[in-house]
Amino acid sequence: MSNLTDTAGRVSGSYRARIIGKKTLIYIVCIFLCALSLFPFLVMFVNATRPSADIAQRLSLVPGNMLATNWQTLEERQNFDFVRGMLNSLLVSSSATFLCLYVSLMTSYGLVVYRFKLRQAAFTFIMVVLMIPSQVSIIGFFNEMYKMGLINTFWPLILPAAASPSVVFFMRQFMLGSLPLEIVEAARIDGSGEFRTFNRIAIPMMAPAIATQAIFIFVGSWNNLFTPTMVINSQAKFTMPMLVSLLKSDRFRTDFGTVYLALSLTVLPLFIVYFMLSKFIISGVALGGVKE
Amino acid sequence: MSQATQVTARRSRLSRSRLEKTYWGYLFIAPFFLVYAIFQLYPLGNTFYLAFQKYMITGTNKVIGPNPVGFNNFAALFKASSGATPKVVQVFINTGIMWIINFIPQMLIALLLAKWFTDTRFTIRGQGAIKVMVYMPNIITAASISMLFYALFAFPQGPANSILASLGVIDKEIYLNSGIAATVAFRFLEDGWAVRLIVAFINFWMWYGNTMIVLVAGILGVNPSLFEAAQVDGASSNQIFHRITIPLLRPILLYTLVTSLIGGMQMYDIPAMMQQQGSKAKDMTQTVTMYIQELVFEGTKDYGRSAAVSVLLFLVTAVFSVILFYIMRDKEASRQRKMMRAARKEAKL
């Protein structure tokens, strides 16, 4: 009898030891990965405060006291207009996000609430083009924008956002689950017009989906480099990612501190937004993956 | 009246009233299709059209064409100079290599983390914080991240070289003497394979968190009673993972694979930012989209040939999309079949 307990006790003991060992390993790996995510940014922020000569000598995670000097050097570089780039990006990204959300909501509402002859065909079309990346048609796009006189304006960066098949797809899936048609019906009986029902009833009910998608559309537009480099050519209209590419120019060859400071400026707004909304964003990523 | 008939009655009432408003459906979907036609469909058609035209602007701003030339643009692209790989093939190879070196570790790490985070024998504390940290690079501008790595791998004096010096891989004494540091420091950005690895690493580093979160959500979405049943039957956690989790995750895994592949084929920001002026590494790290851009921005602006490369990229992407479309359609169809079966069962009761 005592023999059995003994065996059982030893087995569970070694099992527990194995679990603890495994958990320790997992924590070590996770801490390493977290550090890996942070390290490059840490180097960047720290180097933004160090003198260029010092940066060239060694890697250090101790902040220096040259932030003001680096800032001044950056100010003197006429072609790195950070505030301008920021405003340009804000204008482009917020307009694109608003347009994309509103039109996608309209489209999904049309597909979910009304039954019309081409409904299935329209949805199938959206599914088919879902995966066509805009990059493949960039030459035709460029040619068209050139003919329309829209080169070096923000329109080519904003207007196409209104047709995002993936956002429509997501909104439709969400709407199927969260907008009971009885409510639309009830509004109709109460004499609400179709557009009014859409604006006042459907849109508020879609708030969670809108919020999640808004972040991803905004960030996607903000981070886009390919389309702006094709259609924007005057520096006054450069968006943030385009400004970053200026940092490679010879002017900044030895001003390491200034380069890191400029980079920090481009990254900092996203950092702040991300850490404020992180929980929300993570659940949005999970939702998107499962829904699709 | 049984529940099923009630549901049918309600449905037919709804569809009748929807039919009355049928034109509203067209109104609601019209803006999307209008914008899509103008900004995506027409450009796509135009790209296909230009691919079969001789259309260029010479260095002296002389416009030639567009004149139809059949498959000449494609033929010119594939004509290799003196037995070398044609550039168009090389850029596809480069893109593919950089994608695959990023994707394999990305999937492995994501799967491993997902397995750990969903293991029923123990709970990992701070999962939320870990997810926030590893997902973070994904949200930051790829151009900024690439420029950051560009600075980190600078020659002769960048942090990567400093670390190698302090580790003793390169001679510290010589390295710290700025006059002759260049004789020992590594020229990372001028080595094709080094740049490929850096680009792949950045891609991996930006995306494995995203993949992991999607996989964790997928695993949590599996009916927990399946895991419990397996556990009661004495399956080990490895067995559960290989025999239950992975097969059930197959649609999500395939989805991740195909979307990553399609996204990877368009790779632009990171490799474009990693190019050092005049570096030999370019031949090994130029991607398809970079080549498309180069053809219309550098030297003679050859729209026809650039469009031809775009068409090739479209075809490759289309093949992957079709695969994905079938995967997703099958999923939808099987769900519908299941619902039909349930409805039939209910009707019998």
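Here are legends for several close-up views of this structure, which is a predicted model.

**View 1. The two domains of chain A.** Start with the overall layout of chain A, which splits into domain 1 (2-72) and domain 2 (81-246). How many Å separate the centres of these domains? Taken over C-alpha atoms, the centres of domain 1 and domain 2 of chain A are 39 Å apart.

**View 2. An aromatic pair that crosses between chains A and B.** Over all chains, the structure holds 43 aromatic pairs. One of them brings together Phe125(A) and Tyr36(B), and because the ring planes stand at 90° with the centres 5.6 Å apart, the pair is edge-to-face. Phe125(A) belongs to helix α5 (residues 119-129) of chain A, while Tyr36(B) belongs to helix α2 (residues 22-51) of chain B. Are these two rings buried or exposed? Phe125(A) is partly exposed, with 27% relative accessible area, whereas Tyr36(B) is buried at 4%.

**View 3. A stacked pair of rings in chain B.** Here we look at Phe149(B) and Phe153(B), whose ring centres are 6.5 Å apart. Their planes meet at 20°, so this pair counts as stacked. Phe149(B) is buried, with a relative accessible area of 5%. Phe153(B) is buried too, at 18%, which sits under the 20% cut-off for that label.

**View 4. Charges sitting over rings.** In chain A, the ring of Phe123(A) has the charged end of Arg172(A) over it, 3.7 Å from the ring centre. Which residue puts its charged end over the ring of Phe241(B)? That is Lys115(B), at 5.6 Å from the centre of the ring.

**View 5. Salt bridges in chain A, joined into a network.** A search of the whole structure turns up six salt bridges over all chains. One of them links the side chains of Arg188(A) and Glu194(A), with N to O at 2.9 Å. Both ends are tucked away: Arg188(A) is buried at 15% relative accessible area, and Glu194(A) is buried at 4%. Which residues end up in one network through shared partners? They are Glu185(A), Arg188(A) and Glu194(A), joined by their salt bridges.

**View 6. Helix α14 of chain B and its salt bridge to Lys87(B).** Helix α14 of chain B runs over residues 288-297 and is mostly covered, with nine of its ten residues buried. Among the buried ones are Val288(B), Met290(B), Ile292(B) and Leu295(B), along with the charged Glu294(B). Glu294(B) has a relative accessible area of 16%, so it counts as buried, and its side chain meets that of Lys87(B) in a salt bridge (3.0 Å, N to O). Lys87(B) lies in helix α4 (residues 87-117) of chain B and Glu294(B) in α14, so the pair ties together parts that are 207 residues apart in sequence. At the other end of the bridge, Lys87(B) is partly exposed, with 36% relative accessibility. Just after α14(B) comes Gly299(B), and its phi is positive, near 65°.

**View 7. Another salt bridge of chain B.** This view shows Glu190(B) and Arg187(B), which form a salt bridge. How many Å apart are their closest N and O atoms? The distance is 3.6 Å. Arg187(B) is partly exposed, at 44% relative accessibility.

**View 8. A nonpolar surface patch with residues from both chains.** This patch covers about 630 Å². Chain A contributes Phe39(A), Leu42(A) and Leu61(A), and chain B contributes Ile163(B), Leu167(B), Val169(B) and Phe186(B). Where does Phe39(A) sit? You'll find Phe39(A) in helix α1 (residues 2-47) of chain A. Phe39(A) is partly exposed, with a relative accessible area of 35%.

**View 9. Asn152(A) and its positive phi.** The last stop is a single loop residue. Asn152(A) lies between α6 (138-147) and α7 (155-158) of chain A, in the loop that connects them. Its phi is near 65°, a positive value in a residue other than glycine. Is Asn152(A) buried or exposed? Asn152(A) is buried, with a relative accessible area of 18%.

Key. Residues numbered from 1 in each chain as written. Chains lettered and ligands numbered in written order. Predicted model: local features only at pLDDT ≥ 70, side-chain atom pairs only at ≥ 80, totals over all residues. Heavy atoms only, no water. Buried < 20%, exposed > 50% of the residue type's maximum accessible area, 1.4 Å probe, protein only. Helix = DSSP H or I, 4+ residues; strand = E, 2+ residues; numbered from the N terminus. Phe/Tyr/Trp six-rings, centres within 6.5 Å; stacked < 30°, edge-to-face > 60°. Lys NZ or Arg CZ within 6 Å of the ring centre and 35° of its normal. Patch = residues over 30% accessible without salt bridge, like charges linked within 9 Å, V, L, I, M, F, W, Y side chains within 5 Å. Areas by Shrake-Rupley, 256 points an atom, 1.4 Å probe, with all protein chains shown as cover. Salt bridge = Lys/Arg side-chain N within 4 Å of Asp/Glu carboxyl O. Domains from an automatic or database assignment.
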